[in-house]
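Colleague: Could you take me through one part of this model at close range? I would like to see how a chain is divided up and what its parts touch.

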Amino acid sequence: MKFQVNNKEVYASTGGRPFDKNKPLIIFVHGSGLTHMTWVLQTRYFAFHGYSVLALDMPGHGLSGGESLKSIEDMADWVSDVIDSVGYKEASLVGHSQGCLVTVECTARNPDKIKTLSLMGGAGAIPMNPELLSLAENNDPKAVELMMDWAHGPAGHFGGHPVPGLYHINTGSMLAKTRTIKNTLGVDFRACDNYKNGFEAAKQIKIPTLSILATDDKMCPVKEGKKLANLIEGSQIDIIDNCGHMMLLEEADRVLNVLKKFITTNYPAN
Amino acid sequence: MSDKKGMDPKTYKFDTLSLHAGYQPHKNAGSRQVPIYQTTSYLFDDVDHAAALFNLERGGHIYSRISNPTVAVLEERVASLEGGTAALATSSGMSAIFLAVMTLCEAGDHLVVSSQLYGGTVNLFRLTLPKFGIKCTFVKPRDTEGFKKAIQKNTKGIFGELVGNPGNELMDMPAIANIAHEAGVPLMVDATYQTPYLCKPIEHGADIVVHSLTKWMAGHGSSMAGIIVEGGNFDWMQNDKFPTMTQPYEGYHGLSFAEEFGPTAFTMKARAEGMRDFGPCLSPQNAWNVLQGIETLSVRMKKHCENAEKMVEYLLGHESVAWVSHPSVPDHPDHDLASKLLPNGKGSMIAFGIKGGKAAGEAFINNVKLASHLANVGDTRTLVIHPASATHSQMDEATLKFAGLSHDMIRLSVGIEDIDDIKNDFENGFRAARKPRLVSNQ
């Protein structure tokens, strides 16, 4: 659906069901340069099981208007504004990669507003390889190719997607090329590289938190994910084996099963 | 991410993908070869799991008309080789074309179509689709401006074969893709003759690629199969031409395919609606046979093209041959375009005219022994046919002429036998063709 946030048009998938303000809200925040479509194998389940879902296209990404936000802090405030804009007082957040930085910061800034936090392939900091950053900022498609290479684990490189017929490396590439690379991936990578507050923000989080990590994640390795998770009081960690950074596509079912158990337990639908 | 080494992507390349893409042994009891899932249906864990599959909440299999694990490996493999986001395999190449058109169009819509196509495809567009209220305007493949002029308000796409069957005329795919995109419609290309080893149409602007996998992809003349591959780069929401892609669909709880599935929306709709309602599914056994063929695709295509170029040279110098059409011939009108679009080889389909016209052609066909006279192309074996009396025989004179066919034309699909044996066989055919009446009386 399309709605306004700070006078700019925003698109979010509602998971194939009408948006219903009487149901608890789950917001999904995508990774660098990507769109709401990365969440298709998680969002539809919750939308059909008692939740209202918003899988956001961040500003300047996918079908959303405006320009990409330049800092993780601005993105965190914007996610909070999304909750206000759709008339909710609280929400559960789910983030992937850069989306983890955004949701961690948003939760720290809005302790009463965010009820549960789910992090996939998260870390307290995501310093960028200078060459990759430069390629993205210079609009070079090679940045997308490198990201897709590193983001998929050895098994993911062969494919075997749970959705029959879908080849996820090419699909991911196409998503990252939906808009101009330097204006999405380039801005996002710079924002990740600049963000230094992840570990401090994590220490302030007191809500139920889940970290889903993957053994073959080269972008946010398990040890980095654990470092972040261990700073969050009482957080749960689930490690998926034989899987890379794009766990929400590579092992969509296993990710959904873990997420389903966590959210339905800690933020039950009516 | 701080490692500076290896700044070139290490994603697998063509020959590796041909063998491995779409399959993970550790999820299949360690079976090194792709298993044949010879089953109609799949157990649900519980009611919730069943509902999730039907609602497209989860990936997975319900019923083999919609999807099957063996077929899914083939779909992913071809998508990976073509540079596509997703693919849907079908029971034949014709069903792939039909399903692609029915996913794209509704009654009242219009398509612009290259005139030089496989005869069955011509009949589909000329005679059958109008029964569904879908009309077509045919344009000669080299008439690039003609494609632009033929576009109407209700045009929903352009369709063509990169190298037309059987005359070997090329359409300027990048230019025609631009024409389609300026009109806000997708370009659909039948790339059966090329396989992704010779050309990946998506890299040249095509949005949807179809194949008869029966031909070079499977390669051994054993199994029927087709496929639709989606490029993932067409924006269905840029205009209001495709409401069945962009508006809520009653058949799936108000789902908008374009919003929900973006770069894989066309495939999702073709499967969820097309396979559900029309059902031209591929059998797992045939999918496995095609996978076997694809494993050696690049090896075979190199040999096919090498033999084809030798046959072109032989035919050009032969006293019984009036003309030869193959994009490798320097004076072929599309030679430069072919060099640009087909750098790995110009394919193994040759059209040639035999001196003596139809009677000589028939005598030639009747007297070759190694080359097989049959209605197929892309077998490992050399194949010949006289299109005017076989594959394109349901066309009237005017349509034959518009499609670039003549009565002296022989269509040759060059196999991978020893080249000397093919030439020797042709010598027998040509000898008979020079005395057609005498030979036919023997």
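Modeller: Happy to! Domain bounds here come from an automatic or database domain assignment. On that basis, chain B of this predicted model splits into domain 1, residues 14-293, and domain 2, residues 298-440. Taken over C-alpha atoms, the centres of domain 1 and domain 2 of chain B are 29 Å apart. Where the two meet, 32 residues of domain 1 of chain B are in contact with 35 residues of domain 2 of chain B. On the domain 1 side of that contact, helix 1 (14-20), helix 5 (119-128) and helix 8 (195-198) of chain B each provide at least two residues. Sorted by class, this side of domain 1 of chain B holds 13 nonpolar, 14 polar and 5 charged residues.

Now let us turn to what chain B touches outside itself. Its contact with chain A involves 47 residues from chain B and 39 residues from chain A. On the chain B side, at least two residues each come from helix 3 (69-82), strand 1 (86-90), helix 10 (257-261) and helix 11 (265-277) of chain B. Helix 3 of chain B gives the largest share of that side, with 5 residues. The classes on the side of chain B that touches chain A are 16 nonpolar, 21 polar and 10 charged residues. So that you can find both surfaces in the viewer, start from helix 1 of chain B for the side facing domain 2, and from helix 3 of chain B for the side facing chain A.

Notes: Residues numbered from 1 in each chain as written. Chains lettered and ligands numbered in written order. Predicted model: local features only at pLDDT ≥ 70, side-chain atom pairs only at ≥ 80, totals over all residues. Contact = placed C-beta atoms within 7 Å. Helix = DSSP H or I, 4+ residues; strand = E, 2+ residues; numbered from the N terminus. Nonpolar A, V, L, I, M, F, W, Y, C, P; charged D, E, K, R; others polar.
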